[in-house]
Amino acid sequence: MQVWEGGGSGSIRFDAAKAKLMGLGSTRAEGSNGEGKERKKLGTMAENSTLQAALFQCMTSLQAQGLLEVLCPVQVEAIAFDTSGTDPTGPARVTWAGKDGVRSQLTTRLLVGADGAASRVKKARGLPSWGWDYAQRAVVATVSLDEQADAADAPSPRPSTTLSANKSSHSNSSPATAWQTFLPQGPLALLPLWGPYHSIVWSTTPAEADRLKALPREAFLAELNAKLQCPIGLLDPPSFPSYVPQPLVKALVGAHHLVESVVVSAALNQGFHVAPLVRDVCGPRLSFDLRAEHASAYVGARAALVGDAAHTIHPMAGQGLNLGLADAMALSTLIEAGVVEGQDVGSPLFLRRYQNARQAANLGMLGGLTALHGLFGRKEGSWRWLRNVGLGTLNALDPVKAKMAEVAMGVNSGGGRQRV
Ligand SMILES: Cc1cc2nc3c(=O)[nH]c(=O)nc-3n(C[C@H](O)[C@H](O)[C@H](O)COP(=O)(O)OP(=O)(O)OC[C@H]3O[C@@H](n4cnc5c(N)ncnc54)[C@H](O)[C@@H]3O)c2cc1C
């Protein structure tokens, strides 16, 4: 993965082979001759529909075993928590409508809200949350790269609903690279899917996002490539107020040039690559308003929140779903233990163990991304200088980079099957 500031001097490259030093990111892949091959990777890109198909397959198999009832597609229309009668924490009552519009109801001792940022479960349970708009809109599209001239022969770029179609670029002989450049209005990411196909997430101001979406295809491609191809270079020295003595200004400008030269040479040593050319946009350009939101409480009587229902973050680090999966893992581990111990798994006291396990990790990620967003949002020359020197310095520090990769990969994030 490579991250850099468009037109800046610093860049940082994460290499799966170096993560190997820390024993991370190893998978076994079957070669065409059936031999298992050890492969190093920093992460996996999976299309949403592929993940959903895998989950659905798993759920229908559990249903066939009589362990689960799948109600899909349905629309949840109302949620109420029964506080009448003798039990002040009575069951949750869910009213839902099927495709035919027929309404049904169910009651449960524990309702898990995995219903996204506008969670109905969160509202119905009265779980408070706080957050802010980033004043950014992300333009998202599937694109294909220039490097494969016979892309016309490739299968459709539309996400497939079968698991076997998840042919990520990792199956190619050369390792896939994820690219992200920080531009004055927000980050632009080019993320490998499979074959020549990549996904772009271009965060910018709402007005700029609307303009980009409306551009004719050729003009959009030209702007996209101009931003992605913008190489690193030397920064101008920062300007100093007139009251700073001239000899000091000269010394500081000299120091600036020295640091810049060291940073740029370090970046070259770490192999800064110019991003590949995007040849085509393969589908519609969609856009999403970006917002940070965090529930102060993830649990209440008979209810628990996971995923975006509990926390929404900026997509710049591609961590939103990862946090949600870690939540789901932590909650299911707790419920499993609670059932074995004969506990009331919907009681707020019991559920608080899940909240304690996950809230700190999720807030840590929100805080880190907020700091990063703030750092790259500053336009002043001194901030620009600071972050570019910072990027260049980090790039030369492999152990620090391996630690950063650990965090992004969710290693020791508290989401594993440990007791909570
Ligand atoms: C532009 C962009 C790019 C991103 N890129 C990445 C990335 O690269 N990596 C990553 O990890 N994360 C990424 N994310 C974040 C990721 O998309 C979210 O964190 C993730 O989708 C959250 O999953 P979720 O299941 O919690 O919520 P959602 O994906 O919002 O799913 C909620 C589900 O609940 C259903 N639902 C809601 N209300 C009802 C109702 N009343 N009745 C029935 N169903 C209902 C909805 O239909 C939906 O299917 C990105 C986000 C954005 C905006």
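Hi everyone, let me start at the ligand: 20 residues surround it, and those that come nearest are Gly116, Gly307, Gly318, Gly320 and Leu321. Strand 5 (75–81), strand 9 (129–145) and helix 7 (320–341) are the elements that each give two or more residues to this shell. Before I go on, please keep in mind that this is a predicted model.

Which element gives the most to the shell around the ligand? That is helix 7, with four residues. If we sort the shell by class, we get nine nonpolar residues, eight polar ones and three charged ones.

Now let me follow strand 5 away from the ligand. Strand 5 belongs to an open sheet of three strands, in the order 5-6-7, with antiparallel pairing. At the edges are strand 5 and strand 7 (103–108), each of which pairs on one side only. From one strand to the next, the twist averages 20°. Looking at one pair in detail, strand 5 and strand 6 (residues 92–97) are antiparallel and share six bridges. If you want a register mark to find on your screen, Gln75 is opposite Ala97 of strand 6.

Between those two strands there is a loop, and Pro91 sits in that loop. Is Pro91 buried or exposed? Pro91 counts as partly exposed, because 18 other C-beta atoms lie within 10 Å, and a residue needs 20 or more to be called buried. Pro91 also has a partner from further along the chain: its C-alpha atom is 5.0 Å from that of Arg109, although 18 residues separate the two in sequence.

Let's go back to the shell and pick up strand 9. Strand 9 runs antiparallel to strand 14 (residues 286–295), and ten bridges join them. Within that pairing, Ala138 faces Phe288 of strand 14. Strand 14 has another antiparallel pairing, with strand 17 (residues 311–312), over two bridges. There, Glu293 is the residue opposite Thr312 of strand 17.

There is another three-stranded open sheet to show you, with the order 8-16-15 and mixed pairing. Strand 8 (111–113) and strand 15 (299–300) are its edges; each has a single partner strand, so one side of each has no neighbour in the sheet. Strand 15 pairs with strand 16 (residues 303–305) in the antiparallel sense, over two bridges. In that pair, Val299 stands across from Ala304 of strand 16.

My last stop is helix 5, residues 217–229. How does its span compare with what we should expect? With 13 residues at 1.5 Å a residue, helix 5 should span 18 Å, and the distance between its end C-alpha atoms is 18 Å, so the two agree.

Which residues of helix 5 are buried? They are Phe220, Leu224 and Leu228. Viewed down the axis of helix 5, these buried residues fall within an arc of 60°, so they line one face of the helix. The spacing makes sense, because an α-helix has 3.6 residues a turn and residues three or four places apart point the same way. On the other side of helix 5, the exposed residues are Glu218, Ala219 and Ala226.

That's my tour, thanks for listening!

Technical notes: Residues are numbered from 1 along each chain as its sequence is written. This is a predicted model: local features need pLDDT of at least 70, side-chain atom pairs count only at pLDDT 80 or more; totals for chains, interfaces and linings use all residues. A residue is near a molecule or strand if its C-beta atom, placed from the backbone, lies within 6 Å of it. Ala, Val, Leu, Ile, Met, Phe, Trp, Tyr, Cys and Pro count as nonpolar, Asp, Glu, Lys and Arg as charged, and the others, Gly among them, as polar. Two strands pair if DSSP finds at least two bridges between them. Axes are lines fitted to C-alpha atoms, for helices over the stretch in contact, and angles run from 0 to 180 degrees between N-to-C directions. The expected span of a helix is 1.5 Å times one less than its number of residues. A residue is buried if 20 or more other C-beta atoms lie within 10 Å of its own, exposed if 12 or fewer, and partly exposed in between; C-beta atoms are placed from the backbone. The arc is that of the directions from the helix axis to the C-beta atoms.
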